[in-house]
Amino acid sequence: MIGFILTGHGDFSLGVKSAVDMVAGDQPAFKAVPFEGSQAATYGEDLRAAITEMREECEGVLVFCDLLGGTPFNQSMLISQDVDNVEVIAGTNLPMLIELVMTRSFASATLEEMAEQAVTVGQAGVCHKKLEPAGDDEDDEM
């Protein structure tokens, strides 16, 4: 199984993990590691410990980050240089995570293929929809 680490600024990771659990149920090998400003000094160590522990349990680890170039992303990239079979995704969204947690136990995809699937599904989950206002119908008496 591929393990998932979800990280980001503030309560991002905790909130998104809560939403995933609500939609898809409690997930094995899925951990949130928040980046809180008050814990910035130990964040890198905490994230490294979580990734390393997940890697010992799983054949690979996908690290999902909120923002490209932010501290969670930068730290994840540094750690991925030291720990084998770790891929990092930035721009994480709920559709991406739900799709991957629902398919990872059935899929025989490699870690890299799952990372590519995450990006594809994440991009497809972003869209703009608009309802047109109900027009006045001249036949209406009211």
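Biologist: In this predicted model, is Asp21 buried, partly exposed or exposed?

Modeller: The model is a prediction, and the values given here are computed from it. Asp21 has a relative accessible area of 24%. Buried requires under 20% and exposed requires over 50%. The value of 24% lies in between, so Asp21 is partly exposed.

Biologist: Which residue forms a salt bridge with Asp21, the closest N and O atoms being 3.0 Å apart?

Modeller: Helix H1 comprises residues 12-24, and Asp21 is separated from its partner by four residues within that helix, or about one helical turn. The closest N and O atoms of the pair are 3.0 Å apart, and the cut-off for a salt bridge is 4 Å. The partner is Lys17.

Biologist: Which residues are joined with Lys17 into one network by salt bridges that share partners?

Modeller: Lys17 counts as buried at 14% relative accessibility. The side chain of Lys17 also meets that of Asp26 in a salt bridge, at 4.0 Å from N to O, and Asp26 counts as exposed at 66% relative accessibility. Salt bridges that share partners thus join Lys17 into one network with Asp21 and Asp26.

Biologist: Leaving aside neighbours within four places in sequence, with which residues is Lys17 in contact?

Modeller: Lys17 lies in helix H1 and has a relative accessible area of 14%. Apart from neighbours within four places in sequence, the contacts of Lys17 include its salt-bridge partner Asp26. The full set is Leu6, Asp26, Phe30, Lys31 and Ala32.

Biologist: Which two helices are linked by the salt bridge of Arg48 with Asp82?

Modeller: The closest N and O atoms of Arg48 and Asp82 are 3.1 Å apart. Arg48 is partly exposed, with a relative accessible area of 33%, whereas Asp82 counts as exposed at 54%. The two residues are 34 residues apart and belong to distant parts of the chain, namely helix H2 and helix H3.

Biologist: In what order do the four strands of the open sheet stand?

Modeller: The pairing in this sheet is parallel. Strands S2 and S4 each pair on one side only, and they are the edge strands. Neighbouring strands are turned by 20° against each other on average, direction ignored. The order is S2-S1-S3-S4.

Biologist: Which residue in S2 stands opposite His9?

Modeller: Strand S1 covers residues 2-9 and runs parallel to S2, to which six bridges join it. His9 therefore lies within the range of S1, and its opposite residue in S2 is Phe35.

Biologist: About what angle does the direction of H3 make with that of S4?

Modeller: H3 packs on the sheet and touches S1, S2, S3 and S4. Together with S3 and S4, H3 makes a right-handed β-α-β unit. The direction of H3 makes an angle with that of S4 of about 160°.

Biologist: Which residue in S4 is the bridge partner of Phe64?

Modeller: S3 and S4 run parallel and are joined by five bridges. The partner lies in strand S4 and counts as buried at 5% relative accessibility. Phe64 is also among the residues in contact with this partner, together with Leu62, Val63, Cys65, Met96, Ala115, Ala118 and Val119. The bridge partner is Ile89.

Biologist: How far apart in space are Ile89 and Leu62, C-alpha to C-alpha?

Modeller: Ile89 and Leu62 are in contact. In sequence the two are 27 residues apart. In space, the C-alpha to C-alpha distance is 7.3 Å.

Biologist: Which element gives the largest share of the largest nonpolar core?

Modeller: Of the 18 residues in this core, Ile5, Leu47, Ile51 and Val63 touch the most other members. The elements that give two or more residues are S2 (30-35), H2 (40-57), S3 (60-65), H3 (71-82) and S4 (86-90). The largest share is five residues, and it comes from H2.

Biologist: Which residues does Ile51 touch, not counting those up to four places away in sequence?

Modeller: Ile51 is one of the four core residues that touch the most other members. Residues up to four places away in sequence are not counted here. The residues touched are Ile5, Val61, Val63, Ile79 and Val86.

Biologist: How many residues does the second, separate core contain?

Modeller: In soluble globular proteins, nonpolar side chains tend to be buried together. The second core of this model is separate, and Phe4, Met96, Leu97 and Leu100 are among its members. Its number of residues is 17.

Technical notes. Residues numbered from 1 in each chain as written. Predicted model: local features only at pLDDT ≥ 70, side-chain atom pairs only at ≥ 80, totals over all residues. Heavy atoms only, no water. Core = buried A, V, L, I, M, F, W, Y, C linked by side-chain atoms within 4.5 Å. Buried < 20%, exposed > 50% of the residue type's maximum accessible area, 1.4 Å probe, protein only. Contact = heavy atoms within 4.5 Å. Pairing = 2+ DSSP bridges. Axes fitted to C-alpha atoms, helices over the stretch in contact; angles between N-to-C directions. Right-handed = clockwise from strand over helix to strand, strands pointing away.
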